[in-house]
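Let's go through some of the labels people put on a protein model and check how each one is earned. Have a look at the structure first, then we'll take the questions in turn.

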Amino acid sequence: MVVVGSGFAGLRLLRRLESLLPASAAGLTVVSPVDHLLYTSLMPQVCASSVEPRHLAVATRGALRRTVLRLGHAVAVDTQARTVTVRGNDGTVDELDWDRLVLAPGSVTRTFDIPGVREHAIGLKNLAEAVHLRDHVLRQFERADATTDDAGRRALCTFVIVGGGYTGTELAAQMTRFSRRAVANYPRVRADEVRWVLVDHAPSLLHELAPPLGHRAAEVLTARGVELRLRTSVNEVTERTVRLGQAEHADQHETIDTHTVVWCAGVSPSPLMTNLGLPTTHGRLVVDDCFRVPEVEGLFALGDAAAVPDVTRAGAPAGQTAQHAVRQAVAAARNVAASLGHGTARPYRHRDLGFVVDLGGRDAVANPFGLTLHGLPAVVVTRAYHAYALNNGSNRARVLTDWALDLVIPHQIVQLGFDAGRQPTIDASEQTGIYPGAAPQLPGGDGGR
C-alpha cells in the first residue's frame, strides 16, 4: 500500500491504518517531500515570532511505527501498470508498485493568472516561506532605517496581504502586533510610517463564516491600523508596486508603492491530480463517498486534492480545510482497511465542529458548535483547539511553552538569514514545476482550519 502525502490527511490516515491492520496484512509506504507534518494553522504565528518554526513540524518517523518513508514527490501514476513514479529529493526517479494507492498530496498556493504574482509575491505554504517573510519584514525596516528618502521609506514600510480568509486575516492581525514591537528597534523609522493593507475581492472578511465573526475580525484589524480593501482585486504585482482594481468599478485603479506582497488568496489542488487522466472537478479528483476513485480498483483519494462528497451538504465537495482532511483520514483508513478484508466500509459524513481564528493577544473569533465567540473566551477556545489538533505530545508542549513565553518575554528581533536576502518565488518554494504538463491552477479553497 502506497500513500502519497504526509500532511493532515496522509499522516492521520497512516496512523489509523497501522492500528487497524495487522503487520502481515500490508506493507505501508508513504511518499512525501518532507519528513514531517507541518501544522500550517499556526504559520502566521511563526511569521510573528510567537511560535518557533520547528515546533509546528510533527516528525513522520516519530509518529509512525512501521511505515516506510520515501522522500520525494509523486509526479505520475500509471493506473494500468499500477505504479507511481517518485522523483526523489536528490533528483533520482523511481517507480513503486501498488495494490492500494491513497492520494493525499494536498494543495499548492492559488495564484490565478495575474501578472507578477508568481515572480514577486511571497507565499505562505511552508516553513521556508514563513521564515523568509519574517526576515523580509525586518530587512525592510533595516533598509528604511538607513534611507533618507521619505517616499522610499514609506514604500519599504508598506506591506500588502492579499486574501481575507483564515490565513490572510490571521497574518494581518499577528504581523501588526509584531511590527509594532519590531519597529521600536529602528530609531529612524516612525511607527506611523508602518502600513499594513489587507486586500480581498469579497465584501467582508472571513466570508465563509458567520457574518458576526468577519465583522468582529474587521473591527480588530481596523483598531490595529490595518487598511481593509474589500471588493478589491489585484491586477498586477511588480517588484516595487501592486496595482489594485475595484470589483464594482472596472475603470478605477489604485497603485500602492510597496516591496512586499504576501499572497494568501487560497489554495489549488496538487498538480498531480490533473496529470492522472481521471475525472476532476475544479482540479480535485472525483471520488465517491467512501473515497474510492470509481474508474480504478484500489485507488483512493482524500483531503484538499479530492472532491469528497459531503452528504450533509447534498453531496457538494467537502471544504479544503485541515479539519476536513483530518476527519476524512479516519474514515478513509477504515474504508481502505475494509478493502483488504479488515472491517466494513461506510460512507463519510462530516459534522462541522466550527472554526477558530487567532488574532493575537487577547483577540480571536470562533464558532465552536455554532456558538459565536470573540475576545478572551474565543482565545481560550482557539488555543485549546490548536493544542488538541497538534496531536503530538512533544509538539503540543513546545507550542504551549512558546505561548507562555510570549506573554512575559520580548520577541527576539533578529533575522535568521537562511536565504541571504533572496526572495524565493512561490513556484520555487512549492516546487510546482516538477509536474510535467500540469494544467493551470483552478479555483480552490482557502486552506484554513
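Q: What makes the contact between Asp-406 and Arg-181 a salt bridge?
A: Keep in mind that this is a predicted model. In it, the N to O distance between the two side chains is 3.6 Å. The cut-off is 4 Å between a side-chain nitrogen of Lys or Arg and a carboxyl oxygen of Asp or Glu, so Asp-406 and Arg-181 make a salt bridge.

Q: Why say that this pair links distant parts of the chain?
A: Asp-406 sits in helix α11 and Arg-181 in helix α7 (residues 166–182), and the two are 225 residues apart.

Q: Why is Asp-406 called buried?
A: Its relative accessibility is 15%. Buried means under 20%, so Asp-406 counts as buried.

Q: And what about its partner, Arg-181: buried, exposed or in between?
A: Arg-181 has a relative accessible area of 31%. The in-between class runs from 20% to 50%, so Arg-181 is partly exposed.

Q: How do you know that Arg-383 and Asp-358 make a salt bridge?
A: Same test: their N to O distance is 2.7 Å, and the limit is 4 Å, so the pair qualifies. Arg-383 lies in helix α10 (residues 376–390) and Asp-358 in strand β24 (residues 356–358), so this salt bridge ties together parts that are 25 residues apart in sequence. Asp-358 is buried too, at 1% relative accessibility.

Q: How many salt bridges turn up in the whole structure?
A: A full search finds 18. Some are linked up: Asp-150, Arg-153, Arg-190, Asp-192 and Glu-193 form a network.

Q: How do you know that Cys-157 is in no disulfide?
A: There are zero disulfides in the structure. For Cys-157, the nearest cysteine sulfur belongs to Cys-47 and is 18 Å away. A disulfide needs the two sulfurs within 2.5 Å, so Cys-157 is not in one. Cys-157 is also buried, at 0% relative accessibility.

Q: What makes β1 and β2 paired strands?
A: Strand β1 (residues 2–4) and β2 are joined by three bridges and run parallel. Pairing takes at least two bridges, so these strands pass. Val-3, for instance, stands opposite Val-30 in β2.

Q: Why are both faces of β2 said to be covered?
A: Thr-29 and Val-31 on one side, and Val-30 and Ser-32 on the other, are all buried.

Definitions and conventions. Residues are numbered from 1 along each chain as its sequence is written. This is a predicted model: local features need pLDDT of at least 70, side-chain atom pairs count only at pLDDT 80 or more; totals for chains, interfaces and linings use all residues. Side-chain values use heavy atoms; hydrogens and water are left out. Buried means under 20% relative accessible area, exposed over 50%, partly exposed in between (1.4 Å probe, protein chains only). Helices (H or I, at least four residues) and strands (E, at least two) are DSSP runs, numbered from the N terminus.
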